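Here is a short set of exercises to work through with the model open beside you. Try each task yourself before reading its solution.

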Amino acid sequence: MVTQEQVLAALRQVMDPDLHRDIVTLGFVKDLKIQQGEVSLAIVLTTPACPVKDRLKEQAEQVVSALPGVERVQVEMKSDVRPTSPPQGLNLIPGVRNIVPVGSGKGGVGKSTVSANLAVALAQTGARVGLMDADVYGPSIPIILGIKDSPQPGGRGIFPVEAYGVKVISSGFFMKPGQAVIWRGPMLAKLIDQFLSQVEWGELDYMIVDLPPGTGDVQLTLCQRIPLTGAVIVSTPQDVALQVAEKALDMFRQLRCPTLGLIENMSYYICPHCGQRENIFDTGGAERAAARWNAPLLGKIPLATGIREASDGGRPVLLDGPDSPGAAAFLEIAKNLAAQISIQNMKEVAEPAVRITF
Ligand code: ADP
């Protein structure tokens, strides 16, 4: 009869391509049971959005089935998202495992569209997701996600509003339509503090934070107050946008917030009539920038009327299904982002990050 040691030895051949280690060493194999010729086990990944989930399951089934004496193999795929390990002096929001700010250099590059669709995409994979709209000067998340309800008081202060499986809080909930925000730094810092400490977020695997464009007070407050897993930078492909995006990236690096990757939005346009691809804002810029910044390119999103229409209509394009080029791009980027978060958290277990405190 096959033994536990033989099964584990076989499973050591299954490598996680992102973490470059085998699934036994990584501690992913749980609940291993052997009854006569039947082997059952669970593989507990670090994210439900793992881009290679199906491949790992198939490989595990193959290597165990190949052992002499094994008649049937049952592999259950589960996930348990790891939290960022907080550096000394900073505490995570209780229950919130990863906080990921989405920034840009210039405004209008699609940062809010990307934040909203990434949050919904991660929620669709089964993750528990929150979205903090900290773009105080132009809070557009309630419009993009079609939110009509207001947050209700309770718990630590207020409950976020739920939309498409995502818990949302937005500065837009607390302003009258058309009202301009003319605030000095301390007021901005106070709002961010309240979003962090007085919102009843509950248990979250990922919190996406939609930042204002640029390198201002909101970014600084966020980086100083809570441990961030890493930042995502959104840019369009042309050099002028990438040059400004580089400043946002430099700010995060100076504040000791790792970079999880770059997303190229409005990357190319496919004519709905003739199918020809046009690189309206140039091409290749994101690859060059990612190489220069030593940061992964998480993916490219096409310029598509459907994305704009979906956002204006309050129904994220992601819900159009995998045949929609916009939805497919967002889903792939969400999986790549989740993989980068896992890599970052596994790295931190071995080598805790240093953080400057002000
Ligand atoms: P930012 O948050 O960077 O200011 P937004 O997300 O508000 O940018 O996007 C600006 C405008 O561009 C919005 O009208 C949005 O619907 C549109 N938009 C964003 N990304 C795309 C895209 N990939 N294709 C088409 N329109 C887009």
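**Exercise 1. An aromatic cluster**

Is F173 buried or exposed? Once you have decided, work out how its ring is placed against those of its partners.

*Solution.* A word on the source before we start: this is a predicted model.

Step 1. The relative accessibility of F173 is 18%. Buried means under 20%, so F173 counts as buried.

Step 2. Turn to the ring geometry. A pair of aromatic rings is described by the distance of the centres and the angle of the planes. For F173 and F174, the centres are 6.4 Å apart and the planes stand at 75 degrees. Planes over 60 degrees apart count as edge-to-face, so the pair F173 and F174 is edge-to-face.

Step 3. F174 also pairs with F195, at 6.2 Å centre to centre and 45 degrees between the planes, which makes this pair tilted. Because F174 lies in the loop between β11 and α5 (185–197) while F195 belongs to helix α5, the contact ties together parts that are 21 residues apart in sequence.

Step 4. Compare the surroundings. F174 is partly exposed at 43% relative accessibility, whereas F195 is buried, with 3%.

Step 5. Put the pieces together: the count is two aromatic pairs, and ring pairs link F173, F174 and F195 into a cluster.

**Exercise 2. Salt bridges within and between elements**

Find how far apart in sequence the partners lie in the salt bridges E61 with K57, D80 with R97, and E246 with R292.

*Solution.* Side chains of opposite charge can pair when their charged atoms come close. In this model the count comes to 13 salt bridges.

Step 1. Start with E61 and K57, whose closest N and O atoms are 3.1 Å apart. Both sit in helix α2 (residues 53–65), and because they are four residues apart there, about one helical turn separates them. E61 is partly exposed at 24% relative accessibility, and K57 is partly exposed at 29%.

Step 2. Next take D80 and R97, where the closest N and O atoms are 2.9 Å apart. The two residues are 17 residues apart, with both D80 and R97 in the loop between β5 (72–79) and β6 (99–104). D80 has 43% relative accessibility and counts as partly exposed.

Step 3. Now look at E246 and R292, which meet at 3.3 Å, N to O. This salt bridge links distant parts of the chain: E246 is in helix α7 (residues 239–254) and R292 in helix α8, 46 residues apart. E246 is partly exposed at 28%, while R292 reaches 51% and counts as exposed.

Step 4. Finally, check for shared partners: salt bridges of this kind join K111, D135 and D210 into one network.

**Exercise 3. Around the ligand**

How many residues surround the ligand, and which backbone atoms come close to its polar atoms?

*Solution.*

Step 1. Count the shell: 16 residues surround the ligand, and the closest are G108, K111, S112, T113 and P302.

Step 2. Sort the shell by class. This gives seven nonpolar, seven polar and two charged residues.

Step 3. List the backbone contacts:

- A polar backbone atom of S112 is 2.8 Å from an oxygen atom of the ligand.
- A nitrogen atom of the ligand lies 2.9 Å from a backbone N or O atom of P302.
- A304 places a polar backbone atom 3.0 Å from a nitrogen atom of the ligand.

Step 4. Consider the area. The ligand taken alone exposes 560 Å², and the protein buries 80% of that.

Step 5. Assign the shell to elements: those giving two or more residues are α3 (111–124) and α9 (305–312).

**Exercise 4. Positive phi angles**

Locate Y164 and D282 in the fold, given that each is a residue other than glycine with a positive phi.

*Solution.*

Step 1. Y164 has a phi of about 50 degrees. Y164 is found in the loop between β10 (161–163) and β11 (166–170), and counts as partly exposed at 34% relative accessibility.

Step 2. For D282, phi is near 80 degrees. D282 is found in the loop between β16 (277–278) and α8 (285–293), and is partly exposed with a relative accessible area of 40%.

Key. Residues numbered from 1 in each chain as written. Predicted model: local features only at pLDDT ≥ 70, side-chain atom pairs only at ≥ 80, totals over all residues. Heavy atoms only, no water. Buried < 20%, exposed > 50% of the residue type's maximum accessible area, 1.4 Å probe, protein only. Near = heavy atom within 4 Å. Polar contact = N/O pair within 3.5 Å; in protein donor to acceptor, adjacent residues only side chain to side chain. Areas by Shrake-Rupley, 256 points an atom, 1.4 Å probe, with all protein chains shown as cover. Nonpolar A, V, L, I, M, F, W, Y, C, P; charged D, E, K, R; others polar. Salt bridge = Lys/Arg side-chain N within 4 Å of Asp/Glu carboxyl O. Phe/Tyr/Trp six-rings, centres within 6.5 Å; stacked < 30°, edge-to-face > 60°.
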